Amino acid sequence: MDPQTRTPGLDIVCFAKDWSEDPTSCNHVMKEMAKTRRVLWLNSIGTRTPNLASGRDIGKIFTKLAGFARGPIRAGDRLWIYTPIVLPFPHSRTALRINRWILRVSVACLRRWIGITQFELWSFIPTPSEYFGLFGESMTVYYCTDNWSQFSAVDAGRVENVVAQQARQANIVFATSDLLVEKLRRHNSETHLAAHGVDHSLFARATLAGTPVPRDLAALRGPVLGFYGLIEDWLDQELIATLAEHHPELSIALVGRVCVDVSRLSALPNVHFLGRKPHAELPLYCKGFHVGLIPHKVNDLTRHMNPIKLREYLSAGLPVVATALPEVRHYVEHCTIAETYLEFERGVEQALATDSPDARRRRSAAMQWETWESKVQELTRQVDRARLSARSSGEAAVAAPCASR
């Protein structure tokens with residue numbers, strides 16, 4: 001679509017995580033949005049004060065400085081990525097005043113440079129509510145992906161408060177799980193489910209005979225149980241270890257960046273850490289997996305999660321065995337859900353015994369309509385409806401006093 005012919009008001013400025021991290025729903029949603037409108041993506045402004053004793057946090061600070069020095073980066077025809085420099089103290093009022101000035105000036109300059117006039121302000125992280133209304137946006141959208149207060153590194157009470165504040169201030173709220181919708185609807189009645197999509201054509205490559213298996217995976221012995229994603233404290237390492245110990249004939253491949261102590265698993269000869277891989281290569285790894293694993297702990301953080309990898313595994317045709325997360329239960333027809341370690345182990349054994357090329361094709365076909373394109377079309381309809389509703393309410397509020405005179 002020619003930028004000059006678009007309907008005004010549909011460009012987007014969004015607060016999100018760092019673009020360079022593993023793709024999550026915000027990356028997929030904004031890439032779809034950028035097919036028809038300009039999008040300015042602001043890399044994370046932080047959800048907590050950094051720990052200067054943490055090598056990981058220090059690394060992030062230097063990455064931020066390097067990103068700021070590069071200026072805005074064009075990631076597509078209509079998508080720009082910018083790393084703002086703000087004081088990393090999200091709960092300090094002094095830092096907030098300084099950051100408001102920095103962001104107002106930065107965003108105004110970037111909008112002029114890109115050509116953004118009327119726009120929506122989207123937020124995918126819990127902290128930007130203090131900046132709502134600062135930039136002259138036509139409306140605000142909060143897209144909530146997690147139960148943010150339950151992450152171990154944050155101040156739970158403060159984060160719970162800013163999430164509630166952001167939901168109340170937004171014109172419309174989207175949440176990626178039923179439990180998140182229920183939680184946020186208490187603060188904003190205009191809260192809707194935004195179920196994750198999938199890049200089906202990408203992951204369906206795993207069902208094709210000519211798709212190669214990466215060498216590091218092909219070198220593993222026996223049937224391979226696979227997982228990809230961040231290796232964080234919400235993974236049940238004891239579950240994985242139990243499975244590995246009971247089945248030494250199997251290999252367990254863990255693909256992703258390791259963020260926690262994994263000494264329990266590293267000591268096991270059939271558990272293999274393959275490192276982080278580019279998103280485009282994940283279907284190749286799915287091709288070599290015999291079973292896709294979702295071995296999450298079940299707690300107040302994960303019960304609100306909606307794992308994107310579930311639809312990706314299924315699009316790749318994989319049999320899936322998962323712990324009992326509420327959102328996974330929507331796909332019980334296509335995967336095995338385990339309440340206990342024993343059920344998980346038996347689910348893996350059953351998947352290995354019953355899988356077939358036809359079963360893989362059926363699983364993949366079941367996901368072909370759950371694309372990010374279709375999900376974003378629904379989001380757009382909801383946002384457009386909310387905009388019209390807000391406009392009608394505003395016109396009615398102006399007309400009412402006139403009618404009473």
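What follows is a conversation about how terms are applied to this predicted model.

Trainee: What is the mean pLDDT of the protein, and how many of its residues reach 70 or more?

Mentor: The mean pLDDT is 89, and 87% of the residues reach 70 or more. Over residues 396-405, however, the pLDDT is below 50, and this stretch has 0 contacts in the model beyond near neighbours in sequence. Residues 1-9 also stay under 50, although the model has 17 contacts for them beyond four places in sequence. Where pLDDT is low, the predicted coordinates should not be read in detail.

Trainee: Why is Glu32 called buried?

Mentor: The relative accessible area of Glu32 is 16%, and buried means under 20%, so Glu32 is classed as buried. Glu32 is found in helix 1, which covers residues 25-33, and, leaving aside residues up to four places away in sequence, Glu32 touches Trp372, Glu373 and Val376.

Trainee: Why does Cys109 count as partly exposed, and why does Cys14 count as buried?

Mentor: Cys109 has 40% relative accessibility, and since partly exposed lies between the limits of 20% and 50%, Cys109 is therefore placed in that class. Cys14, at 0%, falls under the 20% limit and therefore counts as buried.

Trainee: How do you know that Cys14 is in no disulfide?

Mentor: By the distance rule the count comes to 0 disulfides. For Cys14, the nearest cysteine sulfur is that of Cys26, 7.6 Å away, whereas a disulfide needs the two sulfur atoms within 2.5 Å, so Cys14 is in no disulfide.

Trainee: What makes strand 5 mostly covered?

Mentor: Strand 5, residues 119-123, has 5 of its 5 residues buried. Phe119, Leu121 and Ser123 point one way from the strand, while Glu120 and Trp122 point the other way, and all are buried. In a regular strand the side chains alternate between the two faces of the sheet.

Trainee: How do you know that strand 5 pairs with strand 1 and with strand 6?

Mentor: Pairing requires at least two bridges. Strand 1, residues 11-15, and strand 5 have 5 bridges in the parallel sense, and 4 bridges join strand 5 to strand 6, residues 139-144, these two also running parallel, so both pairs satisfy the requirement. In strand 5, Leu121 is the bridge partner of Val13, and in strand 6 Met139 is the bridge partner of Glu120.

Trainee: Which residues have the most contacts inside the largest nonpolar core?

Mentor: That core has 90 residues, and those with the most contacts inside it include Phe15, Leu40 and Phe135. Apart from it lies another core, of 26 residues, with Val29 and Trp122 among them.

Conventions. Residues are numbered from 1 along each chain as its sequence is written. This is a predicted model: local features need pLDDT of at least 70, side-chain atom pairs count only at pLDDT 80 or more; totals for chains, interfaces and linings use all residues. Side-chain values use heavy atoms; hydrogens and water are left out. pLDDT is the predictor's confidence in each residue, from 0 to 100. Contact means heavy atoms within 4.5 Å. Buried means under 20% relative accessible area, exposed over 50%, partly exposed in between (1.4 Å probe, protein chains only). A nonpolar core is a set of buried Ala, Val, Leu, Ile, Met, Phe, Trp, Tyr and Cys residues joined through side-chain atoms within 4.5 Å.
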